[in-house]
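Subject: Structure for you to look at

Hello,

Here is the structure I said I would pass on. Please open it before reading the rest.

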Amino acid sequence: MDKGLAVLGVFVKIGKRPNANLNFFFDHLDEIENPGVLVELPKVNKYPFLPKNTSIFYRYQGSLTTPGCYETVAWTVFRDTITISQSQMDKLRSLHTDSTKTFLVNNYRPVQKCNGRSIISC
């Protein structure tokens, strides 16, 4: 693949306490009232969004998870998770996808067949 996207995938668990390392992100979600609204965050460090151990992961060539689902993505999915609280998850799920006020929930895509592609475990 010559051109495309590299995507980092992280699984999120619901824990008992808020993830204080992500407060800078969650504190700004209230500013987003409508789709397409741009909210400027302070300089974003990617590490709070990643698990502590990033040395164990799975990698494969795949596609975007949104239409047109173009097969232009090099996926890296980490084995370990990060944790957020239920209240932080509720904030994410209070966001709307469009002007019809459709909530941003169940936005996952069904698992796809490998179609001959390899999944590398590191």
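Below is what was found in it, beginning with the sheet and ending with the cysteines.

This is a predicted model, so please read all of the values as computed from it.

The sheet

The model has an open sheet of 4 strands, in the order β1-β3-β2-β4, and the pairing is mixed. The edge positions belong to β1 and β4; each has a single partner strand, so one side of each is left without a neighbour in the sheet.

Going through the pairs from the β1 edge, β1 (5–15) and β3 (73–85) run parallel and are joined by 10 bridges. A place to find this pairing on screen is A6, which stands opposite A74 in β3. The next pair, β2 (57–62) with β3, is antiparallel and has 6 bridges. Here G62 has V73 of β3 as its bridge partner. At the other edge, β2 pairs with β4 (120–121) in the antiparallel sense, over 2 bridges. In that pairing Y58 stands opposite S121 in β4.

A helix is placed against this sheet: α2 (86–93) lies across β1 and β3, and its direction is at about 130° to that of β3.

Q88 and N19

Which residues does Q88 touch, leaving aside its neighbours within four places in sequence? They are P18, N19, N23 and F26. Q88 itself sits in helix α2 and is buried, because its relative accessible area is 5%, under the 20% limit.

N19, one of those contacts, is in the loop between β1 and α1 (23–26). N19 also counts as buried, at 13% relative accessibility. Two polar atom pairs are worth displaying here. In one, a polar atom of the Q88 side chain is 2.9 Å from the backbone nitrogen of N19. In the other, the side chain of N19 reaches the backbone oxygen of T83, at 2.9 Å. Not counting residues up to four places away in sequence, N19 touches T83, I84, S85 and Q88. The loop residue N19 therefore has contacts with Q88, a residue of α2, and is buried at 13% relative accessibility.

D27 can be looked at in the same view. D27 lies in the loop between α1 and β2, and with a relative accessible area of 52% it is exposed. D27 and K91 are 64 residues apart in sequence, and their C-alpha atoms are 9.7 Å apart in space.

Backbone points to check

The loop between β2 and β3 contains G68 and C69. The peptide bond from P67 to G68 is cis, with omega near 5°. C69 is not a glycine, yet has a positive phi of about 55°. C69 is partly exposed, at 25% relative accessibility.

Where is N115, which has a positive phi although it is not a glycine? N115 is in the loop between α2 and β4, and its phi is about 50°. N115 counts as exposed, with 62% relative accessibility.

Cysteines

A disulfide is a covalent bond between the sulfur atoms of two cysteines. How many disulfides does the model have? The count comes to 0. C69 is in no disulfide: the nearest cysteine sulfur, that of C114, is 16 Å away. For C122 the closest cysteine sulfur is again in C114, and that distance of 16 Å is too far for a bond, because the cut-off is 2.5 Å. C122 is partly exposed, at 41% relative accessibility.

For a look through the model, the P67 to G68 peptide bond, the 2.9 Å pair between Q88 and N19 and the positive phi of N115 would be places to begin.

Regards

Methods
Residues numbered from 1 in each chain as written. Predicted model: local features only at pLDDT ≥ 70, side-chain atom pairs only at ≥ 80, totals over all residues. Heavy atoms only, no water. Buried < 20%, exposed > 50% of the residue type's maximum accessible area, 1.4 Å probe, protein only. Polar contact = N/O pair within 3.5 Å; in protein donor to acceptor, adjacent residues only side chain to side chain. Contact = heavy atoms within 4.5 Å. Pairing = 2+ DSSP bridges. Axes fitted to C-alpha atoms, helices over the stretch in contact; angles between N-to-C directions.
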